[in-house]
Each structure stands twice: as structure tokens, then as C-alpha cells.
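Dear colleague,

I am handing over the structure below, and after it you will find an account of what came out of the analysis. Please read the text with the structure open beside you.

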Amino acid sequence: AVESVVFSVGWYTVKSGYKADENPEIHRLSRQLLRLAMFVYLFRVVLTCAMFVYVCVIDRRDEFVQELVDVLGSVVLGLIILKGGIRAIESRNAPCCCGLTYMQAFRAWYVFLCLVYAAWLVFVAFKFKR
């Protein structure tokens with residue numbers, strides 16, 4: 001029996017659904033997906049926590065509960081998306097929901113978030129332009 005490939009990113013290990021004797025390009029792309037997903041998640045958590053500290057500690061606004069909900073929501077949403085990417089590797093990109101595979105759902109979430117962030121940046125740019 002051929003062993004599955006195990007990917008490690010820092011402290012986290014994922015057992016791939018792909019076998020060691022399969023196309024090496026699959027393993028390279030899976031490793032890249034895992035690294036990118038982990039980096040984006042950690043970046044998102046750090047950025048959200050930095051915004052929380054700025055709003056509640058430095059700027060001293062009374063929006064503690066609103067900002068805490070934002071941090072928790074961002075962390076949970078990020079974990080769900082990260083788990084989708086991990087699940088794509090573990091399950092050999094099996095179907096998940098709405099006729100999509102895990103990889104397609106993972107990509108759709110990232111495209112959606114990019115559009116939301118772009119709209120937010122445009123909003124902030126116009127707000128400060130006045």
C-alpha cells in the first residue's frame with residue numbers, strides 16, 4: 001500500500017488524500033494551498049486584533065462590544081474558510097455543497113472576500129477624501 005503524503009505548516013499537520021506516488025505537481029500545489037491559506041488566516045487574525053487594539057485602546061472609543069464581535073466573527077469565518085482548504089486536500093477535492101467541490105468553494109469564498117475588501121477600501125477612500 002502506498003502511503004498518503006503529510007504536509008506540515010508550522011505546528012499544523014494535514015494528511016493528504018493524495019498518495020505519495022501520484023503526480024508531484026499535486027503535492028506541490030497542495031502544499032502551496034495550505035501555506036497560503038494559513039498565511040491569509042493568520043494575517044487576518046493579526047490585522048483584526050490590531051484594529052481592535054487601535055479602536056478600543058489607542059483611540060479610546062466606546063465600541064468595545066462591536067469590535068469584539070468583529071474580531072470573533074473574523075476569526076470564526078477565517079477558520080471555516082481555512083478548514084475548507086484543508087478539507088480539499090484531505091478529501092482529494094470531493095464535492096461539498098451546492099454542486100461545488102471543496103476547492104471551488106474555498107476559491108469562491110476568497111473571491112467574495114476580495115470583492116468585499118475592495119469595496120471597503122473604495123468606501124474608506126471616498127470617506128476620507130471629503
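R92 is partly exposed, with a relative accessible area of 40%; here buried means under 20% relative accessible area, exposed means over 50%, and partly exposed is what lies in between, with a 1.4 Å probe and protein chains only. Before going further, please note that this is a predicted model, in which local features need pLDDT of at least 70 and side-chain atom pairs count only at pLDDT 80 or more, whereas totals for chains, interfaces and linings use all residues. Residues are numbered from 1 along each chain as its sequence is written, and side-chain values use heavy atoms, with hydrogens and water left out.

The salt bridges

Side chains of opposite charge can pair when their charged atoms come close. With a salt bridge taken as a side-chain nitrogen of Lys or Arg within 4 Å of a carboxyl oxygen of Asp or Glu, the count comes to four. In one of them R92 is paired with E22, and the closest N and O atoms are 2.6 Å apart. R92 lies in the loop between helix 2 and strand 3 (95-97), while E22 lies in the loop between strand 2 (12-19) and helix 1, so the pair ties together parts that are 70 residues apart in sequence. Helices (H or I, at least four residues) and strands (E, at least two) are DSSP runs, numbered from the N terminus.

A further salt bridge joins E25 to R28, with 2.4 Å between the closest N and O atoms. Because E25 and R28 are three residues apart in helix 1, about one helical turn separates them. Both partners are partly exposed, E25 at 35% relative accessibility and R28 with a relative accessible area of 36%.

E90 also forms a salt bridge, with K83 as its partner and 3.9 Å between the closest N and O atoms. Salt bridges that share partners join K83, R87 and E90 into one network. Within this network E90 counts as partly exposed at 29% relative accessibility, and K83 likewise counts as partly exposed at 41%.

The nonpolar patch

On the surface there is a nonpolar patch of about 880 Å², made by L36, F39, F43, L47, M51, W120, L121 and F123. The elements that give two or more residues to this patch are helix 1 (24-58) and helix 3 (102-129), and helix 1 gives the most, with five residues. Patches are made of residues with over 30% relative accessible area and no salt bridge, where like charges are joined within 9 Å and nonpolar side chains (Val, Leu, Ile, Met, Phe, Trp, Tyr) within 5 Å; the accessible areas come from the Shrake-Rupley method with a 1.4 Å probe, and for residues only the protein chains shown count as cover. One of the patch residues, F39, has its place in helix 1 and is exposed, with a relative accessible area of 54%.

The largest pocket

The largest pocket has a volume of about 1,100 Å³, a volume being the space filled by probe spheres set on grid points that are joined across faces, edges and corners. A pocket, on a 1 Å grid over the protein atoms alone, is an open set of points where a 1.4 Å probe fits, with protein on both sides within 12 Å along at least five of seven lines, and its lining residues have an atom within 4 Å of a point. Its lining holds 35 residues, of which L47, T48, M51, Y117 and W120 lie nearest the centre. Helix 1, helix 2 (64-90) and helix 3 are the elements that give two or more residues to this lining, and helix 3 gives the most, with 13 residues. The lining divides into 24 nonpolar, four polar and seven charged residues, where Ala, Val, Leu, Ile, Met, Phe, Trp, Tyr, Cys and Pro count as nonpolar, Asp, Glu, Lys and Arg as charged, and the others, Gly among them, as polar.

Backbone angles and distances

R92 has a phi near 60°, a positive value in a residue other than glycine. C98, which is not a glycine either, has a positive phi of about 55°; C98 is placed in the loop between strand 3 and strand 4 (100-101) and counts as exposed at 75% relative accessibility.

The C-alpha atoms of E25 and K127 are separated by 45 Å, with these positions 102 residues apart along the chain. S4, in strand 1 (residues 4-9), is buried, with a relative accessible area of 17%, and the C-alpha atoms of S4 and V40, 36 residues apart along the chain, are separated by 26 Å.

With best regards
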